[in-house]
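This report describes selected backbone features and the strand pairing of one protein chain. The sequence and the structure are shown first.

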Amino acid sequence: MKMSTAPAIPFALLSGCASMISGGRQEVSLTVQPLGTVVCIDGRQAGATPMTVRFTRRTHVVVFEREGYRTAVVNFIPQVNPWIALNFVPLLIIPGPLGLVVDIATGAVHELEPKEASFYLERADSTSRQTTRQPCSPY
């Protein structure tokens, strides 16, 4: 029996290469020591380390706070996702510009850097003046 690939063509034309491979969100591991460090994402308390988050592929500011330690800030910045190049490689079915539009719409055109946060917080100096404040509060 001969099978037709015609039903798959509309789905192939409505997909972008980066969307199919990377998706619209990116999983990021936050393993900052000491364990239990408060994690604030974009100004909101999100939990404590260790944790894994699924970020949209836009800029995110992550703050790590723990009493007795220096606060650390990591900026997750979108960079060009190399998988978007496949939208322009001649295939049997060329997604081309439509695939690129899908990748842009889903956010898959980007990937976040760094891909993880894994480090030790520095202890605060005993000579430095620490002010007591709520986690995730502005500086």
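In this predicted model, strands E1 and E4 pair in the antiparallel sense, and six bridges connect them. Within this pairing, Leu30 stands opposite Met51 of E4. Strand E1 covers residues 25–30, and strand E4 covers residues 51–56.

The pair belongs to an open sheet of three strands, ordered E4-E1-E8, with mixed pairing. E4 and E8 (116–117) stand at the edges of the sheet; each has a single partner strand, so one side of each is left without a neighbour in the sheet. In general, the strands of a sheet pair through backbone hydrogen bonds, in either a parallel or an antiparallel sense.

Cis peptide bonds occur at the following positions.

| Peptide bond | Omega | Place of the proline |
|---|---|---|
| Gln33 to Pro34 | about 0° | Pro34: loop between E1 (25–30) and E2 (38–41) |
| Thr49 to Pro50 | near -5° | Pro50: loop between E3 (44–48) and E4 (51–56) |

The loop that holds Pro50 leads into E4, the strand that pairs with E1. Pro34 lies in the loop that follows E1.

A further backbone feature concerns Asp42. This residue is not a glycine, yet its phi is positive, near 50°. Asp42 is located in the loop between E2 and E3. Is Asp42 buried, partly exposed or exposed? Its relative accessible area is 36%; because this value falls between the limits of 20% and 50%, Asp42 counts as partly exposed.

Technical notes: Residues numbered from 1 in each chain as written. Predicted model: local features only at pLDDT ≥ 70, side-chain atom pairs only at ≥ 80, totals over all residues. Heavy atoms only, no water. Helix = DSSP H or I, 4+ residues; strand = E, 2+ residues; numbered from the N terminus. Buried < 20%, exposed > 50% of the residue type's maximum accessible area, 1.4 Å probe, protein only. Pairing = 2+ DSSP bridges.
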